[in-house]
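Here are my notes on the model you sent over. I have kept them as numbered points, so that you can follow along with the structure open.

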Amino acid sequence: MKITVINGTERKGCTHAMKEIFLSAMGEGNSVREYWLPRDCPAFCTGCKACYFNNIEVCPHSQYTVPVWNDILAADLLVFTSPVYVFHVTAQMKALLDHYGTKWMAHSPEREMFGKQAVIITNAIGQGMGKTAADIKDSLDFWGVAHTHIIKLALFQAEWEKVDVRRKNNFQKNCMRISEKIQSRKKVKPRLKIKGLFYMMKTVQKMIDRAERRAGREPTTDWQHWKKNGWMDGKKPWSGEIYE
Ligand SMILES: Cc1cc2nc3c(=O)[nH]c(=O)nc-3n(C[C@H](O)[C@H](O)[C@H](O)COP(=O)(O)O)c2cc1C
């Protein structure tokens with residue numbers, strides 16, 4: 001499997017240790033590409049919206065955002081990690097995800113996403129893991145990722161070495177279980193929620209297009225993207241049809 005890992009911290013702490021255990025559970029023979037934040041995307045989205053009117057290649061930070069996105073697109077499995085920082089994802093992870101707002105289904109999603117699986121790994125001393133995982137999962141769901149697994153662990157310690165052994169063992173078992181589930185899926189099709197979001201967003205695109213035409217304006221970049229992919233004419237991004 002091709003695995004792309006986006007590490008939401010550069011520290012080699014608890015999050016790193018958990019990610020390493022998950023990758024070991026995935027076994028041998030995978031090709032793994034890792035990015036570390038903020039090193040590999042040290043910029044905040046400026047809000048210029050250039051990507052919404054064109055694509056991410058015109059982003060002022062494209063030297064960071066395009067290589068990361070290309071490896072996200074190339075992967076079978078995406079792994080996102082983040083410790084909990086004040087009940088949420090790290091600022092550097094949020095900064096990266098902001099750059100890909102244009103890839104949400106409300107705009108111009110990529111059909112490759114609908115055949116991918118993802119894992120979110122998060123931890124905290126005590127609380128905030130649900131919201132942190134949701135910060136990442138919102139993007140993954142709206143990008144169209146077919147299946148996302150969440151692995152979270154309350155550590156009750158600040159250092160991995162001090163974390164209770166039973167807690168670590170349960171985490172390792174959980175990683176094995178999720179790894180088996182991921183590898184047992186031969187053909188990846190999106191779950192119902194993702195398909196539902198796709199149809200909802202298709203309706204939204206149609207409504208926007210009607211309003212644009214009534215106002216005498218050209219079809220939007222997003223509408224053209226949906227049209228070009230055949231999604232306005234009945235094709236589905238998960239149907240395996242041959243595209244030009
Ligand atoms: C800025 C900051 C904010 C944090 N906020 C929370 C929090 O809201 N809830 C919590 O239980 N732990 C919180 N923690 C603790 C970390 O989530 C925890 O120590 C985590 O294991 C750190 O991951 P690391 O070892 O990979 O750096 C915070 C730590 C930092 C540095």
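1. Let me start with P38, which sits in the loop between β2 (31-36) and α2. Please bear in mind throughout that this is a predicted model. The peptide bond that joins L37 and P38 is cis, with omega at about 5°.

2. K49 belongs to the loop between β2 and α2 as well. K49 is not a glycine, yet its phi is positive, at about 70°. Is K49 buried or exposed? K49 is exposed, because there are 11 other C-beta atoms within 10 Å, and a residue counts as exposed at 12 or fewer.

3. V86 is another residue other than glycine with a positive phi, in this case near 40°. You will find V86 in the loop between β3 (77-83) and α4 (91-98). V86 has 9 other C-beta atoms within 10 Å, so V86 is exposed.

4. Next comes V58, in the loop between α2 and α3 (62-74). V58 counts as exposed because it has 11 C-beta neighbours inside 10 Å. Which residues does V58 touch, once its neighbours within four places in sequence are left aside? The contacts of V58 are then A50 and C51. If you would like a sense of scale, V58 and L153 are separated by 95 residues in sequence and by 38 Å in space, C-alpha to C-alpha.

5. Now to the strands, beginning with β3. Seven of the seven residues of β3 are buried, so the rest of the structure largely encloses this strand. The cover extends to both faces of β3. On one side the buried residues are L77, V79, T81 and P83, and on the other they are L78, F80 and S82. As a reminder, side chains in a regular strand alternate between the two faces of the sheet.

6. Which strands pair with β3? Strand β1 (residues 2-7) pairs with β3 in the parallel sense over five bridges. Along this pairing, I3 stands opposite L77 in β3, and V5 has V79 of β3 as its bridge partner. β4 also pairs with β3 in the parallel sense, over seven bridges. There, P83 stands opposite N123 in β4. The path through β3, α4 and β4 makes a right-handed β-α-β unit.

7. β1 deserves a point of its own. Five of the six residues of β1 are buried, which leaves the strand mostly covered. β1 and β2 run parallel and are joined by six bridges. V5 is a handy residue to look at, as V5 stands opposite E34 in β2 and is also the bridge partner of V79 in β3. β1, α1 and β2 form a right-handed β-α-β unit.

8. On to the ligand. Which of the 19 residues around the ligand come nearest? They are G13, C14, T15, P83 and A124. The elements that give two or more residues to this shell are α1 (14-25) and β4 (117-124). α1 gives the most, with three residues. By class, the shell holds ten nonpolar, eight polar and one charged residues. P83 links this point to the earlier ones: P83 is among the nearest residues to the ligand, and P83 is also one of the buried residues of β3.

9. Finally, the domains. The domain assignment splits the chain into domain 1 (2-184) and domain 2 (192-233). Their C-alpha centres are 28 Å apart. How many residues of each domain are in contact with the other? On the domain 1 side there are 13 residues, and they are in contact with ten residues of domain 2. α2 (50-53) and α5 (129-143) each supply at least two residues of the side of domain 1 that touches domain 2. Sorted by class, that side of domain 1 has seven nonpolar, four polar and two charged residues.

Note on methods: Residues are numbered from 1 along each chain as its sequence is written. This is a predicted model: local features need pLDDT of at least 70, side-chain atom pairs count only at pLDDT 80 or more; totals for chains, interfaces and linings use all residues. Domain bounds come from an automatic or database domain assignment. Two residues are in contact if their C-beta atoms, placed from the backbone, lie within 7 Å. Helices (H or I, at least four residues) and strands (E, at least two) are DSSP runs, numbered from the N terminus. Ala, Val, Leu, Ile, Met, Phe, Trp, Tyr, Cys and Pro count as nonpolar, Asp, Glu, Lys and Arg as charged, and the others, Gly among them, as polar. A residue is buried if 20 or more other C-beta atoms lie within 10 Å of its own, exposed if 12 or fewer, and partly exposed in between; C-beta atoms are placed from the backbone. A residue is near a molecule or strand if its C-beta atom, placed from the backbone, lies within 6 Å of it. Two strands pair if DSSP finds at least two bridges between them. A crossover is right-handed if, with the strands pointing away from the viewer, the path from the first strand over the helix to the second runs clockwise.
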